[in-house]
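Let us walk through this protein chain together, from its overall layout down to single side chains. Please keep the viewer open and follow along as each part comes up.

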Amino acid sequence: MTHLDTATADRRNDPAPVLLTVEEAARCLRVGRTTCFALIGRGELESLMIGGLRRVPADAPAAYLARRRAERQAA
């Protein structure tokens, strides 16, 4: 097993992330990093600071999408 194979096997055993980077959250939503930061800035996407790092709870992208769907259906 090569080093890369070991790294891949280790990642499969990792628990699901609790927090995402802004870039990971942006990929979940299929938007750019700048758009994701704008959603955070407007309070539409939950985030928090840990030290100097901005993190997004792993369930926040799905919650954002659910709110947007509910708003669209209510309109």
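The paragraphs below go from the overall fold to the strands, the core, one helix and the charged pairs.

Before we start, please note that this is a predicted model, in which local features need pLDDT of at least 70, side-chain atom pairs count only at pLDDT 80 or more, and totals for chains, interfaces and linings use all residues. Residues are numbered from 1 along each chain as its sequence is written, and side-chain values use heavy atoms, with hydrogens and water left out.

The protein chain has four helices and three strands, and reading along the sequence gives the pattern α-β-α-α-β-β-α. Helices (H or I, at least four residues) and strands (E, at least two) are DSSP runs, numbered from the N terminus. Of the 75 residues in the chain, 19% are buried. Here buried means under 20% relative accessible area, exposed means over 50%, and partly exposed lies in between, with a 1.4 Å probe and protein chains only. The chain exposes about 5700 Å², and carbon and sulfur atoms supply 55% of that area; accessible areas come from the Shrake-Rupley method with a 1.4 Å probe, and for residues only the protein chains shown count as cover. Among contacts with a separation of 6 or more, 42% are between residues 24 or more positions apart, where contact means heavy atoms within 4.5 Å.

Now find the strands. S1 (residues 19–21) and S3 (residues 53–57) run antiparallel and are joined by three bridges; two strands pair if DSSP finds at least two bridges between them. In this pairing, threonine 21 stands opposite arginine 55. S3 also pairs with S2 (residues 48–50), again in the antiparallel sense and over three bridges, with methionine 49 opposite arginine 54. The hairpin of S2 and S3 has two residues between the strands, and glycine 51 there takes a positive phi near 65 degrees. Just before S1, proline 17 lies in the loop between helix H1 (3–13) and S1. Proline 17 counts as exposed, at 52% relative accessibility. Although 40 residues separate proline 17 from proline 57 in sequence, their C-alpha atoms are 8.7 Å apart in space.

Which residues make up the largest nonpolar core? There are twelve: Leu20, Val22, Ala25, Ala26, Leu29, Cys36, Leu39, Ile40, Leu45, Val56, Ala60 and Tyr64. H2, H3 and helix H4 (60–74) are the elements that give two or more residues to this core, and H2 gives the most, with four residues. A nonpolar core is a set of buried Ala, Val, Leu, Ile, Met, Phe, Trp, Tyr and Cys residues joined through side-chain atoms within 4.5 Å. Try selecting tyrosine 64: leaving aside its neighbours within four places in sequence, tyrosine 64 is in contact with Leu29, Leu39, Glu44 and Leu45.

Helix H2 deserves its own view. Val22, Ala25, Ala26 and Leu29 are buried in H2. Looking down the axis of H2, you will see that its buried residues fall within an arc of 100 degrees, so they line one face of the helix; the arc is that of the directions from the helix axis to the C-beta atoms. An α-helix has 3.6 residues a turn, so residues three or four places apart point the same way. The buried residues of H2 pack against S1, H3, S3 and H4.

After H2 comes arginine 30, in the loop between helix H2 (22–29) and helix H3 (33–41). Its phi is near 60 degrees, a positive value in a residue other than glycine. Arginine 30 is exposed, with a relative accessible area of 71%.

How many salt bridges does the structure hold? There are two, a salt bridge being a side-chain nitrogen of Lys or Arg within 4 Å of a carboxyl oxygen of Asp or Glu. Glutamate 23 pairs with arginine 33, with the closest N and O atoms 2.7 Å apart. This pair links distant parts of the chain, glutamate 23 being in helix H2 and arginine 33 in helix H3, ten residues apart. Both partners are partly exposed, glutamate 23 at 33% relative accessibility and arginine 33 at 46%. Glutamate 44 and arginine 42 form a salt bridge too, at 2.6 Å from N to O. Here glutamate 44 is partly exposed at 26% relative accessibility, whereas arginine 42 is exposed at 54%.
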